[in-house]
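Me: I'm new to reading protein models and I'd like a close look at one part of this one. Could you walk me through it slowly?

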Amino acid sequence: MKRRAVVGAGAVLALAAVAVTSTEEAAAADDGTRPVPDFLGRGLWRVFTRLDRRTRLDVHDVSGRDRRVIWPPRWRVVTQYPAAGTGLDRRTTVMIGVVRKGESCPPRVRMARR
């Protein structure tokens, strides 16, 4: 009996999440743009999960070491373009600058952000 209740509650939560996502997508589809989320200070994995799969994305290491970004959970976002809240359409490329988690943002990048 308890198992059915847990499974039923899980299904209701999943349907509610789908409904909210569908509503947000429908609202964004009205004018063709949607706001860019704020990714600064967050993990790179969040970028991949929050953006539409059709969004053009350019991810690069800003530490100056020119490393390849292969495993997203190990990287942290320190720069983003366009800024959070800016309208994002199909032609816009989102550019994300990252450093490895545990590393600090280089001073030249911190100064350029201001």
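In which strand is the place of Q80? Please start there and then show me what lies around it.

Reply: Sure! Keep in mind that this is a predicted model. Q80 has its place in strand β3.

Let's begin with how covered Q80 is. Its relative accessibility is 15%, and since buried means under 20%, Q80 counts as buried. Now look at who touches Q80. Setting aside residues up to four places away in sequence, Q80 touches V36, P37, D38, F39, L40, M95 and I96.

Two of those neighbours deserve a zoom. A polar atom of the Q80 side chain lies 3.2 Å from the backbone oxygen of P37. The Q80 side chain also reaches the backbone nitrogen of F39, at 2.8 Å. So what does that tell you? Within protein, a polar contact needs a pair of N or O atoms within 3.5 Å, so the 3.2 Å to P37 fits inside that limit, and so does the 2.8 Å to F39.

Next, follow some of those neighbours inward. V36, F39 and I96, which touch Q80, also belong to the largest nonpolar core. That core has eleven residues, and the others are L44, V47, L51, W75, V77, L88, V94 and V98. Helix α2 and strands β3 and β5 each give at least two residues to this core, and β5 gives the largest share, with three. In soluble globular proteins, nonpolar side chains tend to be buried together.

Pick V94 if you want to see one core member up close. Leaving out neighbours within four places in sequence, V94 is in contact with L51, T55, R56, L57, D58, Y81, P82 and L88. Among these, L51 and L88 are in the largest core as well. There is also a second, separate core of five residues, including V62, V78, V99 and C105.

L57, one of the contacts of V94, takes us out to the surface. Together with W45 and F48, L57 forms a nonpolar patch there, with about 300 Å² of accessible area in total. W45 sits in helix α2, residues 44–50, and is partly exposed, with a relative accessible area of 49%.

Finally, let's look at charges. Side chains of opposite charge can pair when their charged atoms come close. The structure holds five salt bridges. One of them joins D61 to R67, with 2.9 Å from N to O. D61 is buried, at 11% relative accessible area, whereas R67 is partly exposed, at 24%. R67 also pairs with E103, where the closest N and O atoms are again 2.9 Å apart. This second pair links distant parts of the chain: E103 is in the loop between β5 and α3, R67 is in the loop between β2 and β3, and they are 36 residues apart. E103 is partly exposed, with a relative accessible area of 22%. Because salt bridges here share partners, D61, R65, R67 and E103 are joined into one network.

Another salt bridge pairs D52 with R54, the closest N and O atoms being 2.9 Å apart. D52 is partly exposed at 28% relative accessibility, while R54 is exposed at 51%.

To go back to your starting point: Q80 is buried and sits in strand β3, with its side chain reaching the backbone nitrogen of F39.

Key: Residues numbered from 1 in each chain as written. Predicted model: local features only at pLDDT ≥ 70, side-chain atom pairs only at ≥ 80, totals over all residues. Heavy atoms only, no water. Salt bridge = Lys/Arg side-chain N within 4 Å of Asp/Glu carboxyl O. Buried < 20%, exposed > 50% of the residue type's maximum accessible area, 1.4 Å probe, protein only. Helix = DSSP H or I, 4+ residues; strand = E, 2+ residues; numbered from the N terminus. Polar contact = N/O pair within 3.5 Å; in protein donor to acceptor, adjacent residues only side chain to side chain. Contact = heavy atoms within 4.5 Å. Patch = residues over 30% accessible without salt bridge, like charges linked within 9 Å, V, L, I, M, F, W, Y side chains within 5 Å. Areas by Shrake-Rupley, 256 points an atom, 1.4 Å probe, with all protein chains shown as cover. Core = buried A, V, L, I, M, F, W, Y, C linked by side-chain atoms within 4.5 Å.
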